[in-house]
Structure formats: C-alpha cells, structure tokens
Amino acid sequence: MAEQTVTIIGGGLAGSECALQLARRGVSVTLYEMRPKVSSPAHHTGHLAELVCSNSFKATRLDSAAGLLKEELRRMGSCLLACAERASVPAGGALAVDRERFSAEVEALVSAEDRIEVRHEEVQTVPAGPVVIAAGPLCSPALSEALHELVGGESLAFFDAAAPIVDASTLDMDILFTQSRYDEAGEGDYLNAPLNREEYESFIEALVGAERVVLKDFESGDLFQACQPAEEVARKGLDAIRFGAMKPVGLTDPRTGRRPWAAVQLRAENAERTAYNLVGFQTNLTFPEQRRVFRMIPGLENAEFFRYGVMHRNTFVDAPHVLDRTFAVPGTTVRLAGQITGTEGYMEAVASGLLAALNTYAQLEGLPAVELPRTGALGSLVNYATDPETQDYQPMHVNFGLVPPLVDKRRRGKRERYAAYAERALHDLDGYLATRQDLFHA
Ligand SMILES: Cc1cc2nc3c(=O)[nH]c(=O)nc-3n(C[C@H](O)[C@H](O)[C@H](O)COP(=O)(O)OP(=O)(O)OC[C@H]3O[C@@H](n4cnc5c(N)ncnc54)[C@H](O)[C@@H]3O)c2cc1C
C-alpha cells in the first residue's frame with residue numbers, strides 16, 4: 001500500500017470526493033480547507049462541500065447527459081452522489097438537495113475516515129509531494145498566483161452569477177401555485193408565479209433598466225453559460241427570458257385554468273420548504289434593485305430575501321494545453337480537480353474529484369492511469385478537456401454533443417438517440433470497470 005500522504009487543497013465538491021476515495025483505498029490524506037478562517041466571495045459557511053448557488057444537481061433521467069453522469073458515478077462508487085441522494089428534496093425530475101444536510105452528510109463520512117486529516121488553513125504555495133489542487137473557481141488569490149506560475153500558461157478569470165433566495169413565509173400563496181411542468185396531478189415540486197402579458201412586460205422593463213453592481217464591461221459572452229444573469233438574458237430581447245427561465249409551457253394556473261403568459265419558478269432550498277430560490281434568476285443587480293424588481297413578481301410583493309443574488313470570479317486553467325490526460329501538471333507531482341480544470345457543474349466537480357483520486361492512487365501504486373471510454377458522459381468530457389486539439393477552451397459541462405456519433409445511423413428522435421447514447425455508455429463503462437479491479441476492489 002502507498003505510504004505517501006496526499007495533500008488535497010480545497011474541501012469543496014471535488015476535494016471532498018477525492019479525499020474519501022483515496023482514504024477508502026488505504027491512502028492517507030491531508031485535506032486543506034481555508035474556510036471559515038478565510039472565505040470566498042460566494043461561500044457562506046465553514047462546511048465541506050458547500051453549494052454556492054443552486055441546490056440542484058440537475059436531471060436524473062438516464063436519457064440526459066446529467067442523468068447519465070449520475071449513473072456512471074453510481075457505478076464507480078461516488079461518495080458524494082450517495083450523500084446528495086440522502087439529502088435530496090423533491091424537485092421534479094432533478095436531484096436537488098437540502099444544502100446544509102448535504103454538507104453534514106459529507107462531513108460525517110470524512111470524519112469517519114481515520115486516514116483523512118482536515119486542516120482549516122489557506123494554502124498559499126504548492127506543497128511538495130503528491131498534491132491535488134481542488135480549490136475551485138474561487139481559488140484564493142495567493143494560490144491562484146502560485147498555480148499560474150506552475151502551469152505557466154493561461155489562467156483565466158471571469159464572473160458567474162447566483163440567484164436570490166426568499167423566505168417562504170413572506171410569499172403570497174393565494175397567487176403562487178405548486179406544480180411541476182406537465183404535472184397534471186396538481187401537487188408539484190415547484191412554486192410558480194404566473195404573469196400576464198402586461199405584468200411580464202413591466203417586469204422585463206424594470207429588470208433591464210435596473211442598476212447593476214458591475215456595469216457594461218461584463219459582456220454576456222464572458223459569463224458562465226449555465227448561470228447567466230437574468231437581466232443579461234432579458235436584454236437580448238423582450239421575449240428572450242420567456243423562452244428560458246420564465247417559460248410557461250407545461251404550466252396551468254389553477255385560478256384561470258389557462259397557461260400563464262410567463263412564469264417564475266421557485267424551488268425549495270431545504271426539506272422544510274422554508275426558503276425558495278428563484279430558478280434561473282442569477283443576477284448582478286444591486287441589492288435594493290433586486291428587492292424592488294423581484295417584488296414586482298406576482299406573489300412576491302412582500303418577499304423577504306434570505307440571500308440576494310451576487311456575481312463571482314471564476315478561475316480555471318487552459319487544461320488541454322497545460323495538463324496531461326489525467327489532469328496532472330506534466331513533470332510535477334501536482335494534479336488538478338474540479339472546476340479549476342475548466343469542467344463546469346456540481347456533479348462534474350464530484351466526478352473530477354473521483355477521477356483525481358483514482359489517477360493519484362494509480363500513480364502511487366504503479367498502475368495504469370484511468371482511461372474512461374469516450375462514449376460516456378464523463379469520458380467524453382475528460383476527452384474534451386484534455387485533448388490538445390481543443391481550441392479556445394471554455395468551461396464545459398457534460399452534454400451529448402461531446403460523445404461520438406452512434407455507429408448505427410438509423411434515424412431516431414432526440415429522446416431515442418439520447419437513450420441509445422446512454423445504453424452504449426453504460427455498456428462500455430461496465431466493460432472498462434470489469435478490467436480495472438485493481439482500482440475498484442475497495
Ligand atoms: C458563484 C457560482 C455559482 C455556481 N453555480 C453553480 C450551479 O448553480 N450549478 C452548478 O452545477 N455549478 C455551479 N457553479 C460551478 C461549480 O460547479 C461549482 O463552483 C462547484 O462548487 C465546483 O466544485 P469544486 O470542488 O471545483 O470547487 P468548490 O466547491 O468551490 O471547492 C473549492 C474549495 O477550495 C477552498 N479553497 C480555495 N482556495 C483555497 C486555498 N488556497 N487553501 C485552502 N482551501 C482553498 C474553497 O474555500 C472551497 O471550499 C457555480 C460556480 C460559482 C463560482
């Protein structure tokens with residue numbers, strides 16, 4: 001068994017998964033997490049695996065890339081996926097969690113491992129020995145600088161946006177109705193705020209005209225795609241957001257028996273449903289403007305905000321050109337994991353942490369590196385992120401646009417095609433895992 005201790009920097013999604021996976025394979029780990037002593041602009045607690053924005057890990061359906069990723073992680077024994085499932089709250093076809101419970105589940109697993117020592121300290125230089133840097137998109141400035149020196153290539157910084165969270169007890173339940181899209185039965189997982197055309201147009205006018213914290217120099221193209229501020233989307237055209245976050249399809253307002261002109265969906269933040277986030281309303285408006293504009297949404301006239309939306313930095317390296325196929329910095333004992341590699345998304349960060357653990361373990365034990373089949377959600381993302389042919393590297397989440405086309409060219413509808421991708425991916429993954437008992441015997 002490997003005797004060296006692995007240093008992991010960052011007790012977020014990637015770092016926590018990585019630590020647990022290494023410990024379960026008999027490797028000792030020192031896990032550094034700078035919070036709560038030093039915080040980031042988006043974190044609020046000192047807990048491990050804190051979710052900084054949405055509480056959703058996205059779709060669970062197997063014929064979606066996000067759902068397939070979860071199944072792949074399940075087959076590879078992901079610890080944090082299991083924690084998320086234990087902490088889940090109802091969210092239609094998605095896996096959403098009570099974020100405090102999720103962190104508590106992760107911390108319970110970590111503290112049960114004798115081989116993991118957690119140190120709440122900021123790491124400012126890259127330590128000697130085997131290291132996994134999983135410091136996330138909000139990596140502290142000193143470490144970002146040290147990393148930049150190490151990789152010597154492009155290290156980019158830009159801004160993401162987080163949605164506001166409101167107090168459930170201040171919402172007008174005579175106006176809001178519970179329903180999931182296309183849910184005929186009634187009692188759905190979301191709260192919906194219906195808007196008629198006039199209300200919608202006034203709201204959009206206010207949203208677009210409201211004062212923002214950071215002005216013009218943040219072009220929408222520079223923003224994290226899945227987390228674009230609502231006002232940026234709305235600026236693209238009067239109806240732009242009605243085809244996105246405010247789309248009314250699949251909803252029927254019980255008061256009118258009809259589909260509203262537009263709707264804002266609110267998703268429970270916790271199992272008790274005492275707090276709701278405004279789905280898709282990540283924003284860069286000033287706090288007073290958020291209060292004014294979001295209170296124009298019917299049912300939110302008296303809403304109190306537990307947390308306002310904010311914008312944040314995002315740091316990631318040009319992985320295809322400065323990291324090898326295992327996300328290691330060539331010629332060093334340093335490996336990167338999580339969003340800092342330029343992969344994007346909560347589950348992707350978990351997956352990246354798992355992969356970093358497997359590759360670090362393989363290296364310590366003299367085993368071959370992990371080579372996941374490219375047909376998979378994770379395998380195709382890894383291929384994209386580490387292929388030197390990838391140009392203009394930008395953060396990427398799993399999607400079926402990254403997997404190779406099906407050999408059988410028979411015409412299929414989108415759902416049927418996606419189901420075929422998933423079937424192929426799981427077949428290939430099972431085949432690969434069967435050959436890697438050296439990594440998965442634990
Ligand atoms: C504002 C924002 C909103 C996002 N919203 C979503 C979303 O809604 N859905 C989604 O799927 N993805 C979202 N992402 C993207 C991404 O999935 C998350 O950032 C995810 O948490 C990344 O996981 P990670 O483990 O790489 O980093 P993190 O979970 O951020 O973990 C990194 C950890 O490293 C610690 N750290 C940093 N520097 C040091 C240091 N020098 N020493 C010690 N510890 C350090 C940090 O405190 C942190 O705990 C968002 C990102 C941001 C920035």
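In the predicted model, the axes of helix α1 (residues 13–24) and helix α4 (residues 99–111) approach each other within 10 Å and cross at roughly 30 degrees. Because angles under 35 degrees count as roughly parallel, α1 is classed as roughly parallel to α4. The crossing of these two helices is left-handed. On the α1 side, L13, S16, L20 and R24 make the contact, and they meet F102, V106, L109 and V110 of α4. Sorted by class, the contact of α1 with α4 comprises 6 nonpolar residues, 1 polar residue and 1 charged residue.

Two open sheets were examined alongside this helix pair. Strands of a sheet pair through backbone hydrogen bonds, in either a parallel or an antiparallel manner. One open sheet contains 5 strands in the order β6-β2-β1-β7-β16, and its pairing is parallel. Its edges are formed by β6 (116–119) and β16 (334–336), each of which pairs on one side only. On average, and with direction ignored, neighbouring strands of this sheet are turned by 20 degrees against each other. At the β6 edge, strand β2 (residues 29–32) runs parallel to β6 and is joined to β6 by 4 bridges. L31 has V118 of β6 as its bridge partner. Helix α10 (residues 346–365) lies across β1 (6–9), β7 (131–133) and β16, and the helix runs at about 160 degrees to β16. Since angles over 145 degrees count as roughly antiparallel, the direction of α10 is roughly antiparallel to that of β16.

The other open sheet consists of 3 strands in the order β3-β5-β4, with antiparallel pairing. Here the edge strands are β3 (56–59) and β4 (88–89), each pairing on one side only. Strand β5 (residues 94–97) runs antiparallel to β3, and 2 bridges join the two strands. Within this arrangement, A59 stands opposite A94 of β5. Helix α3 (residues 79–86) lies across β3, β4 and β5, running at about 80 degrees to β5. As angles of 65 to 115 degrees count as roughly perpendicular, α3 is roughly perpendicular to β5.

At the level of the whole chain, the protein is divided into domain 1 (5–157 + 314–435) and domain 2 (165–309). The centres of domain 1 and domain 2, taken over C-alpha atoms, are separated by 30 Å. Between them, 17 residues of domain 1 are in contact with 17 residues of domain 2.

Note on methods
Residues numbered from 1 in each chain as written. Predicted model: local features only at pLDDT ≥ 70, side-chain atom pairs only at ≥ 80, totals over all residues. Heavy atoms only, no water. Axes fitted to C-alpha atoms, helices over the stretch in contact; angles between N-to-C directions. Left-handed = near helix turned anticlockwise from the far one by under 90°. Contact = heavy atoms within 4.5 Å. Nonpolar A, V, L, I, M, F, W, Y, C, P; charged D, E, K, R; others polar. Pairing = 2+ DSSP bridges. Domains from an automatic or database assignment.
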